Amino acid sequence: MERQKYIVILILLFFSWLGAEASFKTEIYQAYISNNMKQWKLVMDKMNRETNPSNDFLLELLNYQYGYIGWCIGNNEQKEAKEVLALAEKNIAILEKQNYKMSMLNAYKSALYGYKIGLNKLQAPFIGPKSVESAKRAIQLDENNPYGYIQTGNSEFFMPPVFGGSKTVALENFKKAEKLMERNLEKIKNDWNYLSLLAMKAMTYKELKQYEMAKYYCEKALKTEPEFLWVKLDLYPEIKNLIKQQK
């Protein structure tokens, strides 16, 4: 009887853990599509209170930290960006010691180097190559990891042409990432990373003045998530207006 009770408790704990993991993903997704970054921060704060996080848990938290830092830099919240960046680097260090999913860790390292440049442009000549190399390393370790291609694409997109950046090369990497992500349709359901990739493709096409393709990717993002407010209210109307001007 005691043994049966113990098994039941383990099963309940397992499913409660699964529910928490799903809840984090859902809460972050809802925060992303509604541009509610206060909610995003609350989720991270909740996760930071975990006393004995698994490797998977830390990697998930790292993904949310990565997204949040990018938003902070884009909205001139530099102090907040630096604080969360420091936490993200600590999580990478913990996971690196265990040699855990090194392709993913290199993808995030590439992003964090890029964020440091965003916080201090003077560091670009010194940190830029590290960002590029980390993204390449992510792909070398796992050519089926879409995040390696996403970070390579981001590096190319944000790097000034005078330093070798190319929107065309960025687009090719985003295409590879999209193809890899769409191999598992269940995994990208309610995934902020996938929506972000579609939006980046739309922005890249816009920068290349291929406005019809930019419009297509806005519509693809909105078909995936009709309430993706940034695309719905800002990017999509902007691109439709550019198409009108072009005619």
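Helices here are DSSP runs of H or I with at least four residues, and strands are E runs of at least two, numbered from the N terminus. With that in hand, let's start the tour.

The model is predicted, so local features need pLDDT of at least 70 and side-chain atom pairs count only at pLDDT 80 or more, while totals for chains, interfaces and linings use all residues. Residues are numbered from 1 along each chain as its sequence is written, and side-chain values use heavy atoms, with hydrogens and water left out.

**Stop 1: two loops**

Select Asn76, in the loop between α3 and α4 (78–97). Asn76 is not a glycine, yet its phi is positive, at about 60°. Its relative accessible area is 65%, so Asn76 is exposed (exposed means over 50%, buried under 20%, and partly exposed in between, with a 1.4 Å probe and protein chains only).

Now move to Lys101, in the loop between α4 and α5. Lys101 is another residue other than glycine with a positive phi, this one near 45°. Lys101 is partly exposed, with a relative accessible area of 44%.

While you are here, select Lys90 in helix α4. Is Lys90 buried or exposed? With 55% relative accessibility, Lys90 counts as exposed. From Lys90 to Leu62, 28 residues apart in sequence, the C-alpha to C-alpha distance is 9.7 Å.

**Stop 2: the largest nonpolar core**

A nonpolar core is a set of buried Ala, Val, Leu, Ile, Met, Phe, Trp, Tyr and Cys residues joined through side-chain atoms within 4.5 Å. The largest one here has 70 residues, and those touching the most other members are Trp40, Leu59, Tyr64, Ile69, Tyr108, Phe228 and Val231. Helix α3 (residues 55–74) gives the most to this core, with ten residues. As background, nonpolar side chains tend to be buried together in soluble globular proteins.

Centre the view on Leu59. Which residues does Leu59 touch, not counting residues up to four places away in sequence? They are Leu95, Tyr100, Lys101, Met104, Leu105 and Tyr108, where contact means heavy atoms within 4.5 Å. Lys101 from the first stop is thus one of the residues that Leu59 touches.

**Stop 3: the largest pocket**

Next, show the surface and look for the largest pocket, which holds about 1,600 Å³ of space. On a 1 Å grid over the protein atoms alone, a pocket is an open set of points where a 1.4 Å probe fits, with protein on both sides within 12 Å along at least five of seven lines; lining residues have an atom within 4 Å of a point. Grid points are joined across faces, edges and corners, and the volume is the space filled by probe spheres set on the points.

To find the middle, select Gly70, Tyr115, Asn154, Phe158 and Met200, the closest to the pocket's centre of the 44 residues that line it. Elements giving two or more residues to the lining are α2 (37–48), α3, α5 (102–119), α6 (124–141), α7 (146–158), α9 and α11 (229–246). Helix α9 supplies the largest share, seven residues.

Try colouring the lining by residue type: it divides into 26 nonpolar, 16 polar and two charged residues. In this count, Ala, Val, Leu, Ile, Met, Phe, Trp, Tyr, Cys and Pro are nonpolar, Asp, Glu, Lys and Arg are charged, and the others, Gly among them, are polar.

**Stop 4: Asn193**

Go to Asn193 in helix α9 (residues 192–207). Asn193 counts as buried because its relative accessibility is 7%. Its side chain makes a polar contact with the side chain of Asn63 at 3.0 Å. A polar contact is a pair of N or O atoms within 3.5 Å; within protein, one must be able to donate a hydrogen and the other to accept it, and residues adjacent in sequence count only if both atoms are side-chain atoms. Beyond residues up to four places away in sequence, Asn193 touches Asn63, Tyr66, Tyr147 and Met181.

**Stop 5: Ser110 and Lys130**

Ser110 sits in helix α5 and, at 2% relative accessibility, counts as buried. Look for the backbone oxygen of Ser131, 2.8 Å from a polar atom of the Ser110 side chain. Then select Lys130 in helix α6, whose C-alpha atom is 7.0 Å from that of Ser110. Lys130 counts as partly exposed, at 44% relative accessibility.

**Last stop: Glu156**

Finish at Glu156 in helix α7, a buried residue with a relative accessible area of 18%. What does the side chain of Glu156 reach at 3.0 Å? The partner is the backbone nitrogen of Ser166.
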